[in-house]
Structure formats: structure tokens, C-alpha cells
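Student: Hey, can we go through this one together? I'd like to start with a helix and then poke around.
Tutor: Sure, let's pull it up.

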Amino acid sequence: MNNDTLQASREWWSQKWLELLDSYRFKKRLERARNYSRQGNVLNIEFKGAKVLARVQGSEPEPYKVSLSIDHFSEEEWNYVIETMSQRAIFAAKLLAGEMPQNIEEVFTANGLSLFPFTLSDVHSKCSCPDKANPCKHIGAVYYQLGDRFSEDPFVLFQLRGRTKEQIITDLRQLRGAKVEVTAPEKADVKHRTTQPQTSVNLDDFWQYHEPLESSLVVIAPSSSETVLDVLGAIPLAKTEEVSLSSGDVVTKYLDAVYKQVSQQAMLAAMNMGGG
């Protein structure tokens with residue numbers, strides 16, 4: 001991934017999050033929140049499970065405490081999402097490599113969910129400041145900081161929805177590993193069935209054919225210029241000094257004579273039956 005692509009990906013994640021703030025009608029409040037974020041008033045941000053906790057320095061000596069969270073997906077919903085991820089090879093490959101696919105939201109919409117909150121009302125936030133408005137400029141500053149955090153690690157949004165990056169990767173590995181274990185015996189079983197030798201052949205009747213051939217049938221003898229022995233090549237047996245021919249040559253000549261004799265007998269048998 002080159003720098004331009006990486007930057008575009010980061011801007012996409014941040015923009016999706018910051019669109020929530022852009023929908024807020026009090027633009028002056030947002031401007032103050034943006035200044036708080038840029039001026040370093042957000043002293044720290046930490047994650048407690050799926051909740052964001054932050055301290056923001058305001059006009060008072062004591063920093064204000066901000067908490068922020070969004071609704072979790074249920075265990076069942078996450079199971080559906082991860083199952084869908086495992087079925088999309090490109091998504092599974094990128095996630096297992098620690099990368100976030102840019103169109104990952106398709107996995108959630110396919111299950112009737114949205115990875116990103118729709119409106120600010122879907123984000124639950126509180127601040128210890130006396131301002132009754134929500135979001136206040138302290139909460140807004142944390143919003144902007146989270147936008148930067150999503151640029152650095154988009155998996156943070158998964159954590160806010162109730163699953164960490166490590167949990168998702170572990171679940172994906174287990175699910176795809178289970179699929180491999182299920183499909184592998186089936187392939188082996190098919191191979192076993194196709195290669196299993198037939199044991200019901202009666203060797204005494206193998207060369208017998210008790211029905212007469214049609215009178216119009218023309219019997220064409222195969223060419224004797226090349227047999228299966230010629231195709232197989234020399235038999236790999238050791239040479240001896242006592243004879244001029246190698247052991248392989250001797251066996252080949254013997255088998256060639258047997259092959260021709262059997263061919264002649266088969267032709268005679270076919271023509272006799274045809275004449276009857």
C-alpha cells in the first residue's frame with residue numbers, strides 16, 4: 001500500500017466518523033471543540049473495554065472527565081458478522097494480516113447492521129463540566145481525537161462495537177480452520193472411493209465372450225509395430241557379463257513374444273465366433 005492509498009484510507013475512516021459532528025448544528029461549539037483538540041486540551045484517552053474515557057482540560061484547574069460509548073453488537077450479531085467475513089476471502093485475508101478492508105462496512109450491512117453510528121444520538125457521551133449541552137466542547141474535542149485515532153487504527157471502532165482486533169482475528173482463524181478440517185476428510189473419502197479396486201471380477205470368465213459378433217463387423221488387427229512394451233521402454237534389470245544381452249533385454253523379448261501370441265489368439269477367437 002503506497003502512501004497515497006494509505007492516506008486515502010485514513011481520511012475515509014476519519015471522515016465517516018467526523019460526519020457525525022458535521023451534522024451538529026451548533027457550528028461555533030464545534031469550532032471551539034476543534035481548537036481544544038488541536039491545542040492539546042485532551043490530556044489522555046484510554047479504552048476500558050468498549051468505553052472511551054478521557055480527561056480534557058477546560059477553564060477550571062481540574063480537568064473534566066469525559067466518557068463515550070456506542071451500542072455493542074450482541075454475541076449473535078458478531079457471530080453472523082464473522083461468519084460473513086470468513087466467507088469473503090479478501091476480507092478474511094486482510095483481517096488476518098492485521099489490515100482493515102476499506103469496504104468492510106459491506107459485511108455489516110449484509111447482516112442488517114452498521115459499523116458506524118448513524119447520528120450523534122447513537123453515541124452515548126457524558127462530561128463532568130457544568131455545560132448542559134451534549135456534545136459540549138470537551139466531548140467534541142474527544143470526538144476529533146477519536147477521528148485521528150481511527151486513522152491510525154481503524155480496529156478501534158470494532159472495539160467500540162464490542163470486539164477487539166485480537167478477538168476477531170482469533171475467531172476468524174478458528175472458523176476458517178474448522179472449515180478446512182470439515183472439507184479435508186470429504187476430499188480424502190472421494191479419493192478413496194474412486195481408487196478402491198473392484199474385487200468382484202471373476203478371473204475365470206474375464207476373457208470369455210459368449211455372444212456371436214455381428215456378421216457385418218470387420219475385424220481390424222492392431223499394428224504390431226509398436227506394443228505397450230515399446231511405450232514402457234527398457235526394463236530396469238541389471239546386466240550380466242556371461243550373456244551378450246542384458247537381463248532386461250531377455251525379459252523384454254520374452255514378453256514381446258507372449259504379447260504377440262495372445263494378440264493372435266484373440267484375433268482367431270474373434271473371427272471364429274463371428275463365423276458361427
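Student: So, helix H6, residues 137-152: what should its 16 residues span?
Tutor: This is a predicted model, by the way. At 1.5 Å a residue, H6 should span 22 Å, and its end C-alpha atoms are 23 Å apart, which agrees.

Student: Okay, and which residues of H6 are buried?
Tutor: The buried ones include His138, Ile139, Tyr143, Tyr144, Leu146 and Phe150. Gly140 and Gly147 are also among them.

Student: Switching topic: how many disulfides does a search of the whole structure find?
Tutor: Zero. Cys127 is in no disulfide, and the nearest cysteine sulfur, that of Cys129, is 3.6 Å away. A disulfide needs the two sulfur atoms within 2.5 Å, so that pair doesn't count.

Student: Is Cys129 buried or exposed?
Tutor: Buried, because its relative accessibility is 8% and the cut-off for buried is under 20%.

Student: What about salt bridges, how many are there?
Tutor: The count comes to five. One of them joins Asp131 and Arg29, with the closest N and O atoms 2.8 Å apart. That pair links distant parts of the chain: Asp131 is in the loop between strand E4 and H6, while Arg29 is in helix H2, 102 residues apart.

Student: Are those two buried or partly exposed?
Tutor: One of each. Asp131 counts as partly exposed at 30% relative accessibility, whereas Arg29 counts as buried at 17%.

Student: And which residue does Asp171 meet in a salt bridge?
Tutor: Arg163, at 2.8 Å from N to O. Salt bridges that share partners join Glu75, Arg163 and Asp171 into one network. Within that network, Arg163 is buried at 7% relative accessibility, and Asp171 is partly exposed at 25%.

Student: Now the outside. Which residues form a nonpolar patch on the surface?
Tutor: Val251, Tyr254, Leu255, Val258 and Val262, with about 400 Å² of accessible area together. Val262 sits in helix H10, residues 247-275, and Val262 is partly exposed, with a relative accessible area of 46%.

Student: Last bit, the whole chain. How many helices and strands does the protein chain have?
Tutor: It has 10 helices and four strands. From the N terminus, the elements begin α-α-β-β-β.

Student: And what share of the residues in the protein chain is buried?
Tutor: Of the 276 residues, 30% are buried. The accessible surface of the chain comes to about 18,400 Å², and 52% of that belongs to carbon and sulfur atoms.

How values were computed: Residues numbered from 1 in each chain as written. Predicted model: local features only at pLDDT ≥ 70, side-chain atom pairs only at ≥ 80, totals over all residues. Heavy atoms only, no water. Helix = DSSP H or I, 4+ residues; strand = E, 2+ residues; numbered from the N terminus. Expected span 1.5 Å × (residues − 1). Buried < 20%, exposed > 50% of the residue type's maximum accessible area, 1.4 Å probe, protein only. Patch = residues over 30% accessible without salt bridge, like charges linked within 9 Å, V, L, I, M, F, W, Y side chains within 5 Å. Areas by Shrake-Rupley, 256 points an atom, 1.4 Å probe, with all protein chains shown as cover. Salt bridge = Lys/Arg side-chain N within 4 Å of Asp/Glu carboxyl O.
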